[in-house]
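Q: I would like a close look at a single part of this model, taken slowly and with the supporting details tied together.

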Amino acid sequence: MGLVTEILALPLAPVRGIGWVLDKVVRAAEEEYYDPNPVQEALATLGRARSEGEIGEEDFARREQELLERLEEIRAYQFRSGGAGP
């Protein structure tokens with residue numbers, strides 16, 4: 001029966017292939033979007049900018065809060081998906 005099933009399912013092969021490709025694209029996009037490294041680098045850059053006087057305390061506090069919220073979102077996603085996080 002395996003051969004008959006394969007022959008009957010052959011017209012659906014392109015659809016399965018597209019589904020596989022879409023799955024890979026979504027996974028790659030999620031990995032990039034939920035990568036904590038760029039957020040951590042932005043926090044370090046922000047700290048340097050504040051210590052060098054390039055930005056004020058108010059701008060620093062606002063931007064730092066945004067980055068920390070983004071980092072929390074990433075960690076929550078990693079926890080939900082069972083991925084290892086820092």
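Which residues make up the largest nonpolar core, and how is the part around them put together?

A: The model is a predicted one, and what follows should be read in that light. The largest nonpolar core has 9 residues in all, namely Tyr 34, Val 39, Leu 43, Leu 46, Phe 60, Leu 67, Leu 71, Ile 74 and Tyr 77. At least two residues of this core are supplied by each of helix 3 and helix 4, and the largest share, 5 residues, comes from helix 4.

Helix 4 therefore deserves attention in its own right: its 25 residues should span 36 Å at 1.5 Å a residue, and its end C-alpha atoms are 36 Å apart, which agrees. The buried residues of this helix are Phe 60, Leu 67, Arg 70, Leu 71, Ile 74, Tyr 77 and Gln 78, and they pack against helix 2 and helix 3. Ile 74 gives a view of that packing, since, once its neighbours within four places in sequence are left aside, Ile 74 is in contact with Tyr 33, Tyr 34, Asp 35, Pro 36 and Val 39. Just after helix 4, Gly 82 takes a positive phi of about 80°.

The aromatic side chains can be followed from here. There are 2 aromatic pairs by the criterion applied. In one of them, Tyr 33 and Tyr 34 meet edge-to-face, with 4.9 Å centre to centre and 85° between the planes. Tyr 33 is partly exposed because its relative accessible area is 46%, a value between the 20% and 50% cut-offs, whereas Tyr 34, at 17% relative accessibility, counts as buried because it falls under 20%. Tyr 34 also pairs with Tyr 77, and this pair is stacked, at 3.7 Å centre to centre with 10° between the planes. The stacked pair links distant parts of the chain, for Tyr 34 is in the loop between helix 2 (13–33) and helix 3 (36–51), while Tyr 77 is in helix 4 (residues 57–81), 43 residues apart. Tyr 34 and Tyr 77 are both buried, and ring pairs link Tyr 33, Tyr 34 and Tyr 77 into a cluster.

Two arginines lie over aromatic faces in this part of the model. Arg 70, which is among the buried residues of helix 4, lies over the face of Tyr 33, at 3.9 Å from the ring centre. Arg 50 lies over the face of Phe 60, at 4.1 Å from the ring centre, and Phe 60 is itself one of the core residues.

Definitions and conventions: Residues numbered from 1 in each chain as written. Predicted model: local features only at pLDDT ≥ 70, side-chain atom pairs only at ≥ 80, totals over all residues. Heavy atoms only, no water. Phe/Tyr/Trp six-rings, centres within 6.5 Å; stacked < 30°, edge-to-face > 60°. Buried < 20%, exposed > 50% of the residue type's maximum accessible area, 1.4 Å probe, protein only. Helix = DSSP H or I, 4+ residues; strand = E, 2+ residues; numbered from the N terminus. Lys NZ or Arg CZ within 6 Å of the ring centre and 35° of its normal. Core = buried A, V, L, I, M, F, W, Y, C linked by side-chain atoms within 4.5 Å. Contact = heavy atoms within 4.5 Å. Expected span 1.5 Å × (residues − 1).
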